Amino acid sequence: MEDSGGLDGRLLVLLACLAWRVAESEKLSPLAPGPRALSEKETFLVLSLHNKLRSKVQPPAANMQKLEWSEELAQLAVARVAACLEGPSPPAAPQLGWSEALLPVGAGGFVELLERWFAEGRRYDYGAARCAGSATCRHYTQLVWATAGRLGCGRQLCAGSRGHSQAFACAYSPGGNWELAGAPIVPYQHGPWCSLCTAGLSGCFKSWDHEGGLCEVPRNPCRMSCRNGAHLNVSSCQCACAPGYTGRFCQVRCSMRCLHGKFRQEECSCLCDAGYGGAECGTRVPFPFHACDVRIDGDCFTVSPEADTYYGAKAKCQGKGAMLAQIGSQKVQDILAFYLSRLESSNRVMDTDFDTRNFWIGLTYKTSKASFRWDTGEPSAFTSFAFGQPDNQGFGNCVEMQAAAAFNWNDQRCKTRNRYICQFAQEHISRWQRDP
């Protein structure tokens with residue numbers, strides 16, 4: 001005798017399975033009433049299968065384009081199946097081609113239908129551009145028409161006197177199945193995969209489950225994306241950031257206010273006016289505050305006793321009313337290099353968490369400008385890079401005076417902890433003389 005508790009448990013499991021299958025069938029079943037566009041899952045399936053079949057043609061295709069889904073074409077296909085394919089097929093306009101079928105319920109869905117259309121190719125004679133005997137190959141030739149680039153499909157349950165049937169339709173743009181002087185032309189050019197992609201089709205799409213290759217128009221040839229509503233300029237591969245955002249990908253929210261200074265959008269920072277410091281240039285800097293380590297042509301340079309990252313060093317210089325050193329001539333370079341080389345060996349940095357014996361200066365590589373720029377935004381007319389530098393090892397976008405290279409310059413990762421050189425320009429020093 002059956003155990004009632006065990007039977008009830010199995011019934012519950014069975015009912016749960018049936019409920020799941022019903023739910024899944026409602027998602028994918030072609031029997032849903034009323035015309036409708038395909039679901040996101042069905043769209044992916046139909047598009048992927050189209051491209052997979054197109055990459056399997058024999059002989060191989062040299063110019064087979066990868067299809068992309070078009071909601072506009074999908075809506076046309078939905079309108080076509082809404083009438084259960086009654087009436088003549090839509091005309092094959094220069095920019096539109098059709099494949100459609102009306103099948104009994106139970107004959108399968110789009111997967112079986114597309115494979116059936118592709119199987120027509122077994123009877124297709126590529127050399128003669130014709131189908132063998134009295135068979136039809138028009139579904140096959142449209143499915144593999146090489147220059148078609150967009151696809152949209154729809155399906156519909158149809159009721160009739162002989163029972164239910166399913167209407168399927170796919171629209172292709174540009175169309176296919178063209179003829180020349182009454183004779184059909186071949187749907188694609190024979191040759192090695194992707195060997196005849198046109199200039200506008202610059203990529204060759206390959207997938208692990210695709211045997212051949214498909215000519216692809218890259219949606220994003222820059223291989224990058226801009227965030228927070230920014231626009232990607234494909235010609236320059238640069239992001240045009242919306243107000244309030246900065247960074248290469250516009251990924252940094254920037255609400256900086258420069259109260260007494262110039263806003264630098266690339267770095268979301270301020271370049272303070274003389275006499276002001278702080279992150280937003282809102283702090284009045286009292287002068288004098290420090291004796292100069294080195295004076296060169298009226299400018300004052302101070303060497304930090306501590307180490308910091310590039311941007312930490314920049315902020316500390318600015319907090320004192322200065323900026324990271326801007327070396328604009330060989331004279332300034334020679335004097336600073338000599339001074340740094342003569343620092344007493346006992347003159348160590350105050351903290352032990354530093355990486356090198358090198359010194360930051362106020363020069364960084366700007367990707368948007370494709371050049372090194374001073375923190376003032378000016379290009380670097382004078383440079384003193386060491387031999388073989390800059391080499392961009394480790395994505396070094398910030399510049400240091402390198403002890404191992406006689407304090408010539410090296411590009412370094414900005415997060416490296418170095419000592420740094422602050423510079424007070426003559427306009428800063430003039431404020432010392434006026435302020436009590």
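## Strand S23 and its partners

Two strands are said to pair if DSSP finds at least two bridges between them. That definition applies throughout this predicted model, in which tryptophan 360 has tyrosine 420 as its bridge partner in strand S27. Strand S27 covers residues 419-424, and 2 bridges join S27 to S23, the two strands running parallel.

Strand S23, which spans residues 359-366, also pairs with two further strands, S25 and S24. With strand S25 (residues 398-402) the pairing is antiparallel and rests on 3 bridges, and here tryptophan 360 stands opposite glutamate 400. Tryptophan 360 therefore has a partner in S25, namely glutamate 400, as well as tyrosine 420 in S27. With strand S24 (residues 371-374) the sense is again antiparallel, over 4 bridges, and tyrosine 365 of S23 faces phenylalanine 372 across that pairing.

## Burial of S23 and the setting of threonine 364

Of the 8 residues in strand S23, 7 are buried, and the strand is therefore largely enclosed by the rest of the structure. Threonine 364 has its place in this strand, and because its relative accessible area is 1%, below the 20% limit for burial, threonine 364 counts as buried.

The side chain of threonine 364 makes a polar contact with the side chain of lysine 366, at 3.1 Å. As background to a contact of this kind, side chains in a regular strand alternate between the two faces of the sheet.

## The disulfide between cysteine 153 and cysteine 170

The structure holds 10 disulfides, among them the link between cysteine 153 and cysteine 170, whose sulfur atoms lie 2.1 Å apart. The torsion about this S-S bond is about 110°, so the disulfide is right-handed. Because cysteine 153 belongs to strand S6 (residues 150-160) and cysteine 170 to strand S7 (residues 163-173), the pair ties together parts that are 17 residues apart in sequence.

Both ends of this link are withdrawn from solvent-accessible surface by the computed values: cysteine 153 is buried, with a relative accessible area of 0%, and cysteine 170 is likewise buried, with a relative accessible area of 0%.

## The disulfide between cysteine 194 and cysteine 204

Another disulfide joins cysteine 194 to cysteine 204, with an S to S distance of 2.0 Å, and with 80° about the S-S bond this link is right-handed. Cysteine 194 sits in the loop between strand S9 (183-184) and strand S10 (203-205), while cysteine 204 is in strand S10, so the pair ties together parts that are 10 residues apart in sequence.

Are the two cysteines of this link buried or partly exposed? Cysteine 194 has a relative accessibility of 16% and, because this falls under the 20% cut-off, counts as buried. Cysteine 204, with a relative accessible area of 36%, is partly exposed.

## The disulfide between cysteine 241 and cysteine 250

Cysteine 241 and cysteine 250 also form a disulfide, their sulfur atoms being 2.0 Å apart. With -90° about the S-S bond, this link is left-handed, whereas the link of cysteine 194 and cysteine 204 is right-handed.

The accessibility of the two cysteines is as follows: cysteine 241 is partly exposed, with a relative accessible area of 22%, while cysteine 250 is buried, with a relative accessible area of 0%. The value for cysteine 241 places it in the partly exposed class because residues count as buried under 20% and as exposed over 50%.

Definitions and conventions: Residues numbered from 1 in each chain as written. Predicted model: local features only at pLDDT ≥ 70, side-chain atom pairs only at ≥ 80, totals over all residues. Heavy atoms only, no water. Buried < 20%, exposed > 50% of the residue type's maximum accessible area, 1.4 Å probe, protein only. Disulfide = S-S within 2.5 Å. Polar contact = N/O pair within 3.5 Å; in protein donor to acceptor, adjacent residues only side chain to side chain.
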